[in-house]
Amino acid sequence: MTYFDLAIIGSGSGNSLITPYWDDKKVAIIDGGTFGGTCLNVGCIPTKMFVYPAQLASAAKEAAALGVDMVVKDVRWQEVRDRVFGRIDAISDGGRRYRDEELDNVTLYPEYAKFIGPKTLVTASGESIEAERIVIAAGSRAHLPDVPGIDLPQVHTSDTVMRIDQLPERVLVVGGGFIAAEFAAVFSGFDCEVTQINRSAPLLKSEDRIVSERFTAAAAAQWNLKLGWTLSRIEEAGSGVRATIAGADGGEAVVDADIVLVATGRLTNADSLDIQAAGLDLEEDGRLAVDEFQRVLAGGIPAEGIWALGDVSSPYQLKHVANHEARVVTHNLEHPDDLRRSDHRFVPSAVFTRPQIASVGLTEEQARQDAEVSGAQIVTVIQEYGTTAYGWAMEDPTGFVKLIADKATGQLLGAHIMGHEASILIQPLIQAMSFGLDAYTMAHGQYWIHSALTEVVENALLALGTDAPST
């Protein structure tokens, strides 16, 4: 049995917990995956490094409407891929070496581990570890449906698809969430023949309804979208595959593809830790149950010295949420008499598809449900990109801003943007919601650059029709 002051399960956001506070203490990092976690290696960062060149390639099609004829001569897939992972892999390796070789107080266990007691773990190689404090930051994994042929080498998840050797001519994307939306846009941007299937309609169903509906229409205009279909089986066909899909009406169809990307969501890794041996609680969806301080619950009360953060416990599978929770846990580990709460009030998200999507706060449906209890008067507005000068410049047919507010107070309850650089345009709205700035003051109390695209946000705020706050 080896004793540690702190054991961290996971090397993603959990890796940032090791501050100078721990220099004179013994710390273990336990991770059987690639050092650095999901975001660095198979998630947010490499994905966006593919999104950007795909966006450049797709611009050739959009330019024709503006009187500019452009042609994409070639997509050098291997060069794109190697640029991405030449940087990513070096960061991962450097982080691993730093923790494993350069810090005398840190021991890295490059293997998986499970609980065998409240504060005791055993690694895959059989080494027992006991720690005064344990942080579970074990992340999530790609979900694979149980269908014949799912283990064929032509079948990928987001963990593997970015490392394929050749750009495929035909891609079948299975799923309707943000991962499916991003990769469908990437491969179609690179001029692959993309077919996307999803068992329900519309796509991105967790978004505000009009965002889901308008994005579904935009997706259908760019690649072959088949809604109401599920994957039944996959068979090899030459160097590619033939996928059989089942329709909601009971019919079947086949899709021939070079690769299949299965993007049907991600599952918490809590079930891989034998957390029952530690007596820890789970939420109904399998996540570790935590309180507002990120303490793991056991029998409904905080377990002594056990914390969790990120996808293993959070309903928000977002790196910026995991980072926020890591900062909270860092403080709480070092200041046990002055605990801080995680703030999950206004968690934003972005989908780097085409067009881009960003959201924060409530959907209109959620806001109106809340208003049935609170009595608030909900006001909404939709402002099209095309109503602004910069929208004219782009001849933008799809972009819009939707805002949801409480009419009496002017407080923003939700913001949803679809269109060019939505993830940037939404940031001042996140700031306003986080710091209590009402819509009237936000619209009238500052200059808005003309004729920047941000005018679409200004005009949406003005159109809400909320009054100046009383003094």
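For sorting the residues around an empty space, Ala, Val, Leu, Ile, Met, Phe, Trp, Tyr, Cys and Pro count as nonpolar, Asp, Glu, Lys and Arg as charged, and the others, Gly among them, as polar. With that in hand, the predicted model can be explored from its enclosed space outwards.

The structure holds 1 cavity of 30 Å³ or more. The largest cavity has a volume of about 40 Å³, and its lining divides into 4 nonpolar, 5 polar and 1 charged residues. Ala-142, His-143, Thr-157, Ser-158 and Ile-179 are among the residues that line this cavity, as are Val-262, Ala-263, Thr-264, Gly-265 and Arg-266.

Open space is found as well. The second largest pocket has a volume of about 840 Å³, and of the 29 residues that line this pocket, the closest to its centre are Glu-62, Arg-354, Met-394, Asp-396 and His-420. Its lining is made up of 15 nonpolar, 8 polar and 6 charged residues. Helices α2, α4 and α8 (389-394) each supply at least two of them, with the largest share, 7 residues, coming from α2.

Helix α2 therefore invites a visit of its own. Spanning residues 44-63, helix α2 has 20 residues and reaches 28 Å from its first C-alpha to its last, close to the 28 Å expected at 1.5 Å a residue. A bend of about 25° occurs in α2 at Ala-57, a residue that is buried. Other buried residues of α2 include Pro-46, Met-49, Phe-50, Val-51 and Pro-53. Among the elements covering the buried residues of α2 are α1 (37-42), α3 (77-102) and α4 (178-189).

Notes
Residues numbered from 1 in each chain as written. Predicted model: local features only at pLDDT ≥ 70, side-chain atom pairs only at ≥ 80, totals over all residues. Heavy atoms only, no water. Helix = DSSP H or I, 4+ residues; strand = E, 2+ residues; numbered from the N terminus. Expected span 1.5 Å × (residues − 1). Bend = angle between axes of the 7 residues up to and from the residue. Buried < 20%, exposed > 50% of the residue type's maximum accessible area, 1.4 Å probe, protein only. Contact = heavy atoms within 4.5 Å. 1 Å grid on protein atoms, 1.4 Å probe; cavity = no way out; pocket = protein on both sides within 12 Å on 5 of 7 lines; lining within 4 Å. Points joined across faces, edges and corners; volume = space filled by probe spheres on them.
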